Amino acid sequence: MSAVPVDTIVPAGEPWMGIVRSGQRLRIVDLEGNQAVDTLFYNAEDGDEHYSASNTIRAQGNIYLTLGTLLLSNRNRPLLRIVEDTCGRHDTLGGACSAESNTVRYALDKRHMHSCRDSFLLALARTDAGLSKRDLPGNINFFMNVPVTPEGGLTFADGISAAGRHVELVALMDVRVLISNCPQLNNPCNAYNPTPVRVLVRDV
Ligand SMILES: [Zn+2]
């Protein structure tokens, strides 16, 4: 069974949800550079199985996602593998921005601002996938640069991506993809300027 191939532009601040069948490729293109693409993966048949940052980090012994990284589920099963990466490094520690984190990180008057958590919830509400806010584990931030200091601190740094860079993953089971193309206006990771990305799903 094959999902309909996808080639779409996701504007900054918008979510996207789709199915990638086992063996298909998912490509995300950072069209203008230094955009953060907050992403979650689920077993398409069972939303209780989802991406696990801690299992993925433990298995590869490294905190950054890059070429070759196997994305594991909370049941320690392979969801996808990164098979192309012209950016070089992606974050899975920083989490998704939310109204609450906007307030804590930036200022009280940022609370009303659009956030990835709201985009995730909007996308879940639009589908009959049976997923809710209880189903939002720690996510991946493709193209986002969150270096860890020798003391273990997280730093939200200037992006290392650039216009046209992409990451491509092969699905190792049928997966549901949930993307929030980050609308964040307060963060140097995207140069305070959220921009669109291109999402492609194709057979190989
Ligand atoms: Zn965000």
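Reader: How many disulfides are there by the rule used here?
Author: Let's start with the rule, keeping in mind that this is a predicted model. A disulfide needs two cysteine sulfur atoms within 2.5 Å of each other. By that rule, the count of disulfides is zero.

Reader: Which protein residues are the donors of the zinc ion?
Author: Good place to look next! A donor atom here has to be N, O or S and lie within 2.8 Å of the metal. Three SG atoms lie 2.2 to 2.3 Å from the zinc ion. They belong to C97, C116 and C182.

Reader: How are the donor residues of the zinc ion spaced in sequence?
Author: C116 sits in helix α3, while C182 is in the loop between β10 and β11. That pair links distant parts of the chain, 66 residues apart. Written as a pattern, the donor spacing is C-x18-C-x65-C.

Reader: Is C116 buried or exposed?
Author: Buried means a relative accessible area under 20%. The value for C116 is 0%, so this zinc donor counts as buried. The other donors fall under the cut-off too, because C97 has 6% relative accessibility and C182 also has 6%. For C116, then, the word is buried.

Reader: And C87, is that cysteine buried or exposed?
Author: We can use the 20% cut-off again. C87 has 9% relative accessibility, so the label is buried.

Reader: Which ring does the charged end of R89 sit over?
Author: For an arginine, CZ must be within 6 Å of the ring centre to count. The charged end of R89 is 4.1 Å from the centre of its ring. That ring belongs to Y64.

Technical notes:
Residues are numbered from 1 along each chain as its sequence is written. This is a predicted model: local features need pLDDT of at least 70, side-chain atom pairs count only at pLDDT 80 or more; totals for chains, interfaces and linings use all residues. Side-chain values use heavy atoms; hydrogens and water are left out. Buried means under 20% relative accessible area, exposed over 50%, partly exposed in between (1.4 Å probe, protein chains only). Donors are N, O and S atoms within 2.8 Å of the metal (3.2 Å for Na, K and Ca); water is not among the atoms, so sites may look incomplete. Helices (H or I, at least four residues) and strands (E, at least two) are DSSP runs, numbered from the N terminus. A charge sits over a ring if NZ of Lys or CZ of Arg is within 6 Å of the ring centre and within 35 degrees of the ring normal.
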